[in-house]
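Biologist: I have not looked at this structure before, and I would like to learn how to read its backbone and its covered parts. Could you take me through a few features in turn?

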Amino acid sequence: MQSWRRKSLWLALLASWLLILLGLFPLLRLAVPTSPRAGAPQGWPRWLDTELLQSFAKPGELLEDGPRPPQALRGGSCNWGACFDTSKCRGGGLKVFVYPAAGPVSETRRRILASVEGSRYHTLSAAEACLLLLLSPDTSTGERDPVPPQWDGGRNHLVLSLHPAPCPRTFQLGQAMVAEASPTVDTFRPGFDVALPLLPEAHPLRGGAPGQLRQHSPRPGVALLALAEDGGRWHVAGTDFSACPWDGRCEQDRGPKQTHPGATLPNATFCLIPGRGPDVLHFLQALQAGCIPVLLSPRWELPFSEVIDWTKAAIVADERLPLQVLTALQEMPLTRVLALRQQTQFLWDAYFSSVEKVIHTTLEIIQDRIFGPSAHPSLLWNSPPGAILALPTFSPSPSDFPFYHLQQGSRPLGRFSALIWGGALGQPPLKLIQAVAGSEHCAQILVLWSSEKPPPTRWPKTAVPLTVIDGHRKVSDRFFPYSAISTDAILSLDAHSSLSTSEVDFAFVVWQSFPERMVGFLTWSHFWDEARGGWGYTAKRTNEFSMVLTSAAFYHRYYHTLFTHALPKALRTLADEAPTCVDVLMNFLVASVTKLPPIKVPYGMWHQEARPPPLEPGGPGLRQEPQPAAQNCINQMAAGFGHMPLVSSRLRLDPVLFKDPVSVLRKKYRSLEKP
């Protein structure tokens, strides 16, 4: 009996030790972390339900991942530092030479060529080029493609294709970069190649259709999901979609079918896009429609992923977890939905709505690699108006641009510079100089002397510095980024302009609240002329306006840089040939960047009654009605921009107590209401 008890005790003890040993090895595997794989990028994961989880860390404790060096393809030896010679770009920055086509030029190739030639990077000399651009053939001829004469193993070359290659390339890429539509994650080399969006064949050259989102928050009755299908079609699901997964087996009617290209884009809050290659085209459709893309285990690289933070506009989910994904989408806060939908519209308009924007974004990414630390920060790429319109040659700091004061919670300080253009001036504008110099916000007065006569030797004495700049007798000279301008704010004036000190003071205070917009006194409005089948503009008083005259207007000095370095030369030449069009061109530029109208401030009627008789078209003075000969320039400029950027407004900002029946002593800007 005792022997049996002793055996049972030993068996129980051995079984306990065996169970302990079996459970200890998994615990050891969990406690001891495995060493990371060589070359694998390390960083925090981005969870789909991050907005649903409460954060228990203080904001200062959450440090963002630092910038990582460019990663090369697994097993490859080519990266940015090893396969691109940046010393060729030190002289004049990024200069791009395009190899001429050997045969007939297709429509796709023609659009790419037009986009590159219209950019500020293009050069006609291969010797001075920093980047040599080779366009992939649209179709295969069955013959081996000739190697370009300056190939040099592909060094400092970019092989570009807006559409997936229909056949394997017949030459070795070597050290060349590849900019291809929707490359697979297995072949894409991060930090070296550039991922492009897959564009439809009929994608516009410039301008492009605007985003289709009209209401950012979901409306009652609007479908929550749109399911992407083959052939560019969409199926819209109702609000009860739990029984309708995205694997093609749907147990209920998923709603009406929507096709694209066609009259309708997906009208839903979320667009489910499978990760297969044929579904890539749905991605741009969702962006344009303002439908938040939900990418289900994508096997292709997102376009421009090197600079665009897609976590602000899209959702990447695991296609193996359908119920969890759908639940997370249903419970997503409306504030998060609003932010995602707004970002889709910004990205579509800034980088994807035209072939020109896609090509310019590609070249801007390569230029950022060349600039290194002085390149665009992430804020400029992922906030309006986008990095294409925020030139790094102007400043690497977002605070120097007029667009980011709201995000940073600041406003422009300091004073303004008055720039007086004297095209046919005989004598100094004494009264105007005294009125501007009397402003407490004036820092300096610059007189742009563009007359054939020599400037006067004597100028009035003012409390602020007065400098005379020699112009070249072109109207576009007034928008050149002169180094003598020392302030962010510019008050653009004509020599025959008439303003009071109070008007100048109030207009500058208004501009400080809206530094990205133009603030002016006299206005024009554009309209569609059915009889002529084109655009027109007038100075007649209406309830709306869309332009302010640059003969008396405040704006940020950065627009001089954009006017000179970003606008096509053909548009600036048009403004010089038809001088009254210079106001239209400057308003086109600011409106296309901000998507906002200008702001009108009070202007005394006695100025218009006392001003001199109208001068020749394009002459100085507060120009009123545009000349008939210059009316057609608005259509030429609309064609150059690819769309009509002007935005109409009915807003005029007046000071407090303006024209109120109270004592004048209580009003700050008293002279606004009396001569």
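Modeller: What follows is a short tour of some backbone angles, a helix and a hairpin, and please keep in mind throughout that this is a predicted model.

Biologist: What is the sign of phi at Asp152, and where is Asp152 found?

Modeller: As a general idea, most residues other than glycine have a negative phi, and most peptide bonds are trans. Asp152 has a positive phi of about 50° although it is not a glycine, and it is found in the loop between strand 2 and strand 3.

Biologist: Is Asp152 buried or exposed?

Modeller: Exposed means over 50% relative accessible area, and Asp152, with 56%, is therefore exposed. Ser297 also has a positive phi of about 50° without being a glycine, but at 24% relative accessibility Ser297 counts as partly exposed.

Biologist: Which peptide bond is cis?

Modeller: The bond from Pro384 to Pro385 is cis, with omega near 5°, and Pro385 has its place in the loop between helix 8 and helix 9.

Biologist: How many residues of helix 4 are buried, and what do they pack against?

Modeller: Eight of the nine residues of helix 4 are buried, including Phe283 and Leu287, and the buried residues pack against several elements, among them strand 9 and helix 6. Just after helix 4, Gly290 takes a positive phi of about 75°.

Biologist: How many bridges join strand 17 to strand 18?

Modeller: Five bridges join these two strands, which run antiparallel, and Trp528 stands opposite Trp535 in strand 18. Four residues lie between the strands of this hairpin, in which Gly533 takes a positive phi near 65°.

Note on methods
Residues are numbered from 1 along each chain as its sequence is written. This is a predicted model: local features need pLDDT of at least 70, side-chain atom pairs count only at pLDDT 80 or more; totals for chains, interfaces and linings use all residues. Side-chain values use heavy atoms; hydrogens and water are left out. Buried means under 20% relative accessible area, exposed over 50%, partly exposed in between (1.4 Å probe, protein chains only). Contact means heavy atoms within 4.5 Å. Two strands pair if DSSP finds at least two bridges between them.
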